[in-house]
Structures are given as C-alpha cells and as structure tokens.
Amino acid sequence: MDREEESICCHEIPACVSINQEAAQIEEIPVPECITDNPAFQYLCLNYWVLRVAWSDYRRHYGIKAHEGPEHKKTKTVAYRQFVWWCWNILGKEIRVPLPSCAVSCIRAHFPPPGLEENFVFVFEGFKFADE
C-alpha cells in the first residue's frame with residue numbers, strides 16, 4: 001500500500017478478528033488466518049452476483065450520485081462497501097476507516113481492469129480521509 005494508513009493487517013482490526021472468531025464458531029472451522037480466508041468474505045466481497053445486487057441497492061439509496069464508470073471499478077467500489085458493511089455495519093456519513101491491506105489486495109486482484117495483465121497501469125486511489 002502507498003500510505004502508512006493503508007498498511008494495516010486484519011489482525012490489527014478488532015472487527016475483523018471478531019468476525020473470524022465468529023466464522024470459526026458458526027462454520028465449525030479453525031479461526032481463519034486472514035479475513036480473506038473467511039468463507040463469508042468470498043460470498044460477500046468477491047461474488048459477482050452478490051455485488052450486482054448490492055450495486056442495485058447502492059444505486060437505489062444514492063441515485064445518480066452512485067459511481068458510474070467501468071464495470072471493474074464499480075464492482076471494486078461495491079466490494080469495498082460490502083466489506084465495510086460486513087465489518088462495521090453503517091459508519092455514518094463521511095466516516096471512513098482504512099481497510100486491511102489483505103482485503104484491498106484481494107479485491108483488486110479479483111476485479112482487475114480489462115485487457116492483458118502486462119498492459120495494466122496500476123493507479124489506485126487508495127484510502128482517503130473524508131476531509132482529503
């Protein structure tokens with residue numbers, strides 16, 4: 001990650017630790033080593049169809065303000081929002097939290113820009129506080 005605020009491990013975020021412990025108890029599995037190993041992460045943040053439904057809900061709430069653009073960018077935006085909702089529920093207007101770098105990296109890798117990988121220009125916006 002480019003900035004110190006973005007370089008955070010899921011083990012440093014109490015909400016992620018709690019969710020992994022809950023998954024172990026409910027799913028009767030060992031506690032996931034990483035939030036990206038949590039079975040719910042796969043369903044909520046990486047499943048294209050779940051993200052499409054979440055996108056529709058996002059558009060319904062925010063209307064025209066909702067991000068329009070290339071499909072991979074919309075999908076990543078919704079995947080990040082799903083992750084926040086899953087971990088913290090509703091934070092409130094303009095309250096932002098840095099996501100663990102493992103989750104960000106996994107989502108970015110799962111929804112890359114179209115085209116050949118060697119042609120990718122990786123320019124990611126990264127985490128910003130509400131006043132930036």
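**Close-up views of cysteines, the core and two buried residues**

**Figure 1. Cysteine 106 and its closest cysteine sulfur.** The cysteine sulfur closest to that of cysteine 106 belongs to cysteine 34, and at 7.9 Å the two are too far from each other for a bond. A disulfide needs the two sulfur atoms to be within 2.5 Å. Cysteine 106 is partly exposed, with 24% relative accessible area. Please keep in mind for this view and the ones that follow that the model is predicted.

**Figure 2. Cysteine 9 beside cysteine 10.** How many disulfides does a search of the whole structure find? The search comes back with zero. Cysteine 9, accordingly, is in no disulfide, and its nearest cysteine sulfur, in cysteine 10, lies 4.5 Å away. Cysteine 9 is partly exposed, at a relative accessible area of 32%.

**Figure 3. The largest nonpolar core.** Here you are looking into a core of 26 residues. Cys16, Ile35, Phe41, Phe83, Trp86, Cys87 and Ile107 are the members with the most contacts inside this core. Two or more residues come from each of α1 (14-27), α2 (39-45), α3 (48-62), α4 (71-88) and α5 (101-110). Which helix gives the largest share? That is α4, with six residues.

**Figure 4. Isoleucine 35 and its contacts.** Isoleucine 35 is one of the residues with the most contacts inside the largest nonpolar core. Setting aside residues up to four places away in sequence, isoleucine 35 touches Cys10, Cys16, Ile19, Asn20, Phe41, Phe83, Trp86, Pro100, Cys102 and Ala103. Among them, Cys16, Phe41, Phe83 and Trp86 also appear on the list of core residues with the most contacts.

**Figure 5. Asparagine 20 in helix α1.** Is asparagine 20, a residue of helix α1, buried or exposed? It counts as buried, because its relative accessibility is 5%. Neighbours within four places in sequence left out, asparagine 20 is in contact with Val31, Pro32, Cys34, Ile35 and Asn38. Ile35 is the residue at the centre of the previous view, and its own contacts include Asn20.

**Figure 6. Leucine 51 in helix α3.** Leucine 51 sits in helix α3 and is buried, with 3% relative accessible area. Which residues are in contact with leucine 51, apart from neighbours within four places in sequence? They are Leu44, Cys45, Leu46, Thr75, Val78, Ala79, Gln82 and Phe111. You can also find arginine 81 from here: its C-alpha is 9.7 Å from that of leucine 51, although 30 residues separate the two in sequence.

Technical notes: Residues are numbered from 1 along each chain as its sequence is written. This is a predicted model: local features need pLDDT of at least 70, side-chain atom pairs count only at pLDDT 80 or more; totals for chains, interfaces and linings use all residues. Side-chain values use heavy atoms; hydrogens and water are left out. Buried means under 20% relative accessible area, exposed over 50%, partly exposed in between (1.4 Å probe, protein chains only). A nonpolar core is a set of buried Ala, Val, Leu, Ile, Met, Phe, Trp, Tyr and Cys residues joined through side-chain atoms within 4.5 Å. Helices (H or I, at least four residues) and strands (E, at least two) are DSSP runs, numbered from the N terminus. Contact means heavy atoms within 4.5 Å.
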